[in-house]
Amino acid sequence: MTSTLGQEARTSPPASRPDRRASLTFKNKLGRLDVKYSPYLYVAPFFVLFAVVGLFPLVYTFVVSLNDWNLLSGPGEWVGFGNFAKELHDELFWNSLFNTISIFLLSSVPQIIAATFIAVVLDQNLRARTFWRMGVLIPYVVTPVAVALIFSNMFSPDGGLVNHLLALVGLDPIAWKLDTLPSHLAIASMVNFRWTGYNALILLAAMQAVPRDLYESAELDGAGSVRRFFSITLPSIRPTMIFVILTSTIGGLQIFTEPRLYDAASVTGGGAHRQFQTTVLYLWEMAFQRQNFGRAAAIAWILFLIIVMFGVLNFLISRRIASADTRITSRQAKRRLEAARADTAKTDAVKTDTR
Amino acid sequence: MTRTSAQARKHKPMGMARRPGFLTYGILIALLAGGAYPLWWSFVVGSSPTSVLSQDWPPLLPGGQFWKNVVEVFDTIPFWQALLNSVIVSGVITISVVTFSTLAGFAFAKLRFRGSNALMVFVVATMAIPTQLGIIPLFILMRQFGWTGTVGAIIIPTLVTAFGVFFMRQYLVNVVPDELIDAARVDGANTLSTFWHVAVPAARPAMAILALFTFMMAWTDFLWPMIVAPQNPTLQVALSQLQSARYVDFSVVLAGAVLATLPLLILFAVAGRQLISGIMAGAVKG
């Protein structure tokens, strides 16, 4: 960076216009310096701070992961990729990864479907639009800790609201905290509670950008609302859909607060049998309960790579589906639009005349 | 253009323009009830003795014990100190993120300099990096400096966000015309005064939205404050300690949860519109 700057400063002014340079006043010179270099001053605070608090920790995590490193006694022996190997052979690591992915799928798949549905409902000519939008967003205002506390109580095996309701309709109580799948469902429901409305608003914004003509011509062609949704709405909002899926992937794989507080009694976090211990929770336990920073750092890096991998995979899959679909539908839509235009050519002509 | 035609269509009886029926409003009311119910339920239980949970029917109306439970919350956790910590942490982070993001966003959007494209690509790439995973070295550093347990240690890792820079850049690119920047320069304004007198006034709406989201993010953060300063907790950490301190006494825990939700509910009542437009604007641009 600095070297290119230096070069530029050295070569350009004398070579290009030495005559003008003589006539420059001090103020002009200052102005040129200002134009040329001050942009760096504007971006510098961000980059310097980000390097220190964002980038350096990530790199340094890697260094820590290559050592035997205790929370209290600090760095020990260099072990190369020993910590990584240990983790990849550790059942608890795979358990945590299974739990993370299970909770992630249970939360993101229904959530995106529900968010899309809610967005469709909101994407109408509603009365009191802002009111409904705010209503959908209420859960987002409840902090994850509060959500975890509330849901943890609602799903409590003794006296919890959910089992209470189950009993009222004559069903057996479910061990929401002890059994693997029920606990995953409960934790996923916390994530869904908080984020569904938020994602619905994002998708709603994308839906509102779809030209209404497309819907109208499809309706003229006799396409029902379901058909219109799958052939027009869904393909049109695909880029936003990818964005929502990506962000929920990055967030979902790092889930911590909800499982940590779901059962406060467990010291390790994640239940008596680690039945809902997610990977970040496992990382936290390794670092601050078992005090093994080396292995915790290795977990952090493995998780980082998994997140990147998931992100890229997600992106590639959704883009492939998107491009295949849009090609077909945009062709269909164009044809339909043309047909519709031909049909209504007369009315259109009248309209343009009056305008 | 599209907007006017869409608005014009609103009044047509056909197509998307028709007013939705009862089914739609029924669904919306159900959603609203479902979204608000957990909060309502915790208020109901939080204002009753814990025994209310062993009734045959789940309680629907609040009891008269909210204040009693709240007092017990105050006795169990340092609520006011935690609230103050949260305000300081979220306030400082918000000011820092908005300031540095606006500065950098302005430079990326409206100033020409060598390497700006490469640097912007870097910003976009780092947006996806989960910085949460850097907690181990951050903790090592904070302990080395003797900062663990301080509010500063909670603040430092989130002083800047790549998202903020990206967000401000996207906004300023469209909102401030290049001609305006050039005109200011011709008038003899230097870059700083152009920033201050042209960019900042134009950026205000985006700054407000970024501030809102940054504040929410800082306020709700749990993992890092819990690790670095459990003895000097933020509100979220204190709330979690309430649960582990008396995890059997549901009504007190839930009273605490309601109490801790109040600040954001108030913020939501005041700035809910901006929050919504922020979410929806981010989607179109992001």
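How many helices and strands are there in chain A? Select chain A in this predicted model and colour it by secondary structure: chain A holds 16 helices and two strands. Of its 355 residues, 41% count as buried, and among the contacts in chain A between residues at least 6 apart in sequence, 68% join residues at least 24 apart.

**Domains of chain A**

Next, colour chain A by its domain assignment, which gives domain 1 as residues 2-65 and domain 2 as residues 84-354. If you display the contacts between these two parts, you will find that four residues of domain 1 of chain A are in contact with seven residues of domain 2 of chain A. On the side that belongs to domain 1 of chain A, the residues touching domain 2 of chain A divide by class into two nonpolar, two polar and no charged.

**A helix pair inside chain A**

Stay in chain A and select residues 91-122, which form helix H5, together with residues 238-252, which form helix H12; the axes of these two helices come within 10 Å and cross at roughly 155 degrees. An angle over 145 degrees counts as roughly antiparallel, and H5(A) and H12(A) are therefore roughly antiparallel to each other. The crossing in which H5(A) passes H12(A) is right-handed. To see the contact itself, show the side chains of A:Phe104, A:Ser107, A:Ser108, A:Gln111 and A:Ile112 on H5(A), and on H12(A) those of A:Val244, A:Ile245 and A:Ser248, with A:Gly252 also taking part. Sorted by class, the contact of H5(A) with H12(A) has four nonpolar, five polar and no charged residues.

**Two loop residues with positive phi**

Now move to A:Arg274, which is found in the loop between helix H13 (257-262) and helix H14 (279-289) of chain A. Although A:Arg274 is not a glycine, its phi is positive, at about 55 degrees. Is A:Arg274 buried or exposed? A:Arg274 counts as buried, because 20 C-beta neighbours lie inside 10 Å.

Further along chain A, select A:Gln291, whose place is in the loop between H14 and helix H15 (293-343). A:Gln291 is also a residue other than glycine with a positive phi, here near 60 degrees. With 13 C-beta neighbours inside 10 Å, however, A:Gln291 counts as partly exposed.

**Domains and single residues of chain B**

Hide chain A for a moment and turn to chain B, which is divided into domain 1 (2-65) and domain 2 (77-245). The centres of domain 1 of chain B and domain 2 of chain B, taken over C-alpha atoms, are separated by 34 Å.

Within chain B, pick B:Phe163, which lies in helix H8 (residues 162-175). B:Phe163 counts as buried because 21 C-beta neighbours are found inside 10 Å. A distance drawn from B:Phe163 to B:Val97 joins C-alpha atoms that are separated by 9.6 Å, while the two residues are 66 residues apart along the chain.

For another view, select B:Leu180 in helix H9 (residues 178-186) of chain B. B:Leu180 is partly exposed, since 15 other C-beta atoms lie within 10 Å. Between B:Leu180 and B:Phe66 the separation is 114 residues in sequence and 57 Å in space, C-alpha to C-alpha.

**Where the chains meet**

Bring chain A back and select the residues at the interface: 83 residues of chain B are in contact with 85 residues of chain A. Which helix gives the most to the side of chain B that touches chain A? Helix H13 of chain B, residues 250-285, does so with 17 residues. By class, the side of chain B that touches chain A has 56 nonpolar, 21 polar and six charged residues.

As a last stop, isolate one helix from each chain, namely helix H7 (residues 144-154) of chain A and helix H12 (residues 235-245) of chain B, whose axes come within 9 Å and cross at roughly 15 degrees. That angle makes H7(A) roughly parallel to H12(B), and their crossing is left-handed. Show A:Val145, A:Ala146 and A:Leu149 on H7(A), which meet B:Gln236, B:Leu239, B:Ser240 and B:Gln243 on H12(B). The residues in this contact of H7(A) with H12(B) divide into four nonpolar, three polar and no charged.

Methods: Residues numbered from 1 in each chain as written. Chains lettered and ligands numbered in written order. Predicted model: local features only at pLDDT ≥ 70, side-chain atom pairs only at ≥ 80, totals over all residues. Domains from an automatic or database assignment. Helix = DSSP H or I, 4+ residues; strand = E, 2+ residues; numbered from the N terminus. Nonpolar A, V, L, I, M, F, W, Y, C, P; charged D, E, K, R; others polar. Axes fitted to C-alpha atoms, helices over the stretch in contact; angles between N-to-C directions. Parallel < 35°, antiparallel > 145°, perpendicular 65-115°, else oblique. Left-handed = near helix turned anticlockwise from the far one by under 90°. Buried ≥ 20, exposed ≤ 12 C-beta atoms within 10 Å, placed from the backbone.
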